[in-house]
Amino acid sequence: MNGPLLLSIVIFVPMIFVVAFTPFLTRKTENFGVSIPESLYNREDFKTMRKKYAVTLIIIGLLFCISYAILSFQLSENIITILFTIIIVTYLIFGFLLYLPFHYKMKQIKESENWKSTKSQTIVVDMKFRQEILVYSNWWFLTSALIIIVTLLLTFIYLNRIPEKLPMHIDFFGNISYEEKSFATLLFIPGMQLALLVLFIFLNLIIKHTKQQVSVANPERSKKQNIIFRKRWSAYLICLGGLIELLLMYTQLTFIFPQLTKYTEIIIFSFVFLILLGTLLLAFITGQGGSRIKLNEHTSDQVIDRDDDQYWKLGQFYVNKNDPAIFVEKRFGVGWTNNWAHPLSWIVVIGILLVILIPVLLLS
Amino acid sequence: MYIQLDFESDIPIYEQLKNEIIIGIAKQKLLPGERLPSVRALASDIGINLHTVNKAYQQLKQEGFLLIHRQKGVVVNPEGAPKADDDYEKKLRETLRPLIADTICRGMRKETYLKLCNDIFQEIEGE
């Protein structure tokens, strides 16, 4: 019973950290989804708001964790799996609900202090930004492709060793359901590997093509930060891609060499741990748009970035029909989000959902 | 090369964009034959309509600052902008006349005006 509990704690605790510390990870030109002059980021009342938000969410997160741990000793396995999902979703919703009063308070402060009128609002764009190397080449994904090829080769070399019934579905507790051996079942995992490879290449392209965001007060520094930010997440994608392909290859190999299954728990555990630790470190060291990377350059007080708060609904959802960009940097959080006014955004999201859902639906 | 656009200015964005690109070429920060971002890329970086960028690029093409190739995309004219000829001088004279009249009406001295011009020349030519 301790394995799944430990696994869920390992997943949940880093999540609490990322959600709770989000206000510290954003760009310094934003506070709770409201754009601010960079020079005001460290104002005492803003600092207090960020701390209050983080402490509240950590306490709530820990309470969730403790109650989950206590419940997991008393309830049946199936219910606990569902409970874990519910707890994660509830926690995320809770984080968003807690964010809202902070967001409205920031809006109010901004309105009453009228920063806009005293400084000229401009936007800076680097005409040579697209000449820079922004992400690592997609050729790096050859390693992932190689893993898929090895998986396929091993499958067909050892075709006869594979038993007639294949364990196709494993739940959170290691309960296995079986299916007949066939081409479809044998190709299921390589197919998933391929779909993921395509998805990762696509995500790498998105990182390359998203809107450049250069801060007016400090164009040179924010540009360098932005490039480092993109490159690090691109490298992360390449490594993550390789790791997941390896994990899937291992799963396929357990069909051929059933004695491998005794390592399953430790392998899944270390993969999850490694991936979450990597993500957490990257998010905290780099910050949104590279905002936590220290580069020395002086900042100008005379200008502020163009105020585009009107396009950020609730400070988190970008809706701007005049902007041809499909992907933009998130405001409150680390990573990218869509311009929801662009029809392609919806098509892309539905496409990604289909890639994830089709294998699930095929199986059930 | 950074360009700066002011969204609250009375000067339309496409015109500001044009001016910034011309200044970039004059300052030799954009060299002859150099590629500029595509209409789509620049519009999404600035966060404005495609037409606005397209209008600026088309006018710059008309005036001979840029070439727009189907394959190579948008490049700074490798041969440079057309040299100033008599026609150009005549047009420039027309543009400057009301401006100089304006400064005279406001009582600005000729020396101050010429010094201003000189400063701008120095700033752009970088000497």
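Let's begin where the two chains meet: in this predicted model, 20 residues of chain A are in contact with 22 residues of chain B. On chain A's side, the biggest contributor is β3(A), which gives 7 residues. What classes of residue does that side of chain A have? There are 8 nonpolar, 6 polar and 6 charged residues.

Now look at the nonpolar residues that are buried together. The largest nonpolar core has 30 residues, and those with the most contacts inside it are V125(A), I46(B), V53(B) and Y57(B). Chain A's β3 (120-126) supplies at least two residues of this core, and so does each of these elements of chain B: β1 (2-6), α1 (13-26), α2 (39-46), α3 (50-62) and β3 (73-76). The largest share, 5 residues, comes from α2(B). If you pick out Y57(B), you'll find that it touches V39(B), L66(B), I68(B) and V74(B), leaving aside residues up to four places away in sequence. There's also a second, separate core, this one with 11 residues, including I36(A), Y53(A), M106(A) and F332(A).

Back to α2(B), and how it sits against α3(B). The two helices pack at an angle of about 125 degrees, with their axes 8 Å apart. Because of that angle, α2(B) counts as oblique to α3(B). The crossing of α2(B) past α3(B) is right-handed.

Which residues meet there? From α2(B) come V39(B), R40(B), L42(B) and A43(B), and from α3(B) come L50(B), T52(B), V53(B), N54(B) and Y57(B). Sort the residues of this contact by class and you get 6 nonpolar, 2 polar and 1 charged.

Note on methods: Residues are numbered from 1 along each chain as its sequence is written. Chains are lettered from A and ligands numbered from 1 in the order in which they are written. This is a predicted model: local features need pLDDT of at least 70, side-chain atom pairs count only at pLDDT 80 or more; totals for chains, interfaces and linings use all residues. A nonpolar core is a set of buried Ala, Val, Leu, Ile, Met, Phe, Trp, Tyr and Cys residues joined through C-beta atoms within 7 Å. A residue is buried if 20 or more other C-beta atoms lie within 10 Å of its own, exposed if 12 or fewer, and partly exposed in between; C-beta atoms are placed from the backbone. Helices (H or I, at least four residues) and strands (E, at least two) are DSSP runs, numbered from the N terminus. Two residues are in contact if their C-beta atoms, placed from the backbone, lie within 7 Å. Ala, Val, Leu, Ile, Met, Phe, Trp, Tyr, Cys and Pro count as nonpolar, Asp, Glu, Lys and Arg as charged, and the others, Gly among them, as polar. Axes are lines fitted to C-alpha atoms, for helices over the stretch in contact, and angles run from 0 to 180 degrees between N-to-C directions. Angles under 35 degrees count as roughly parallel, over 145 as roughly antiparallel, 65 to 115 as roughly perpendicular and the rest as oblique. A crossing is left-handed if the near helix is turned anticlockwise from the far one by less than a right angle, and right-handed if clockwise.
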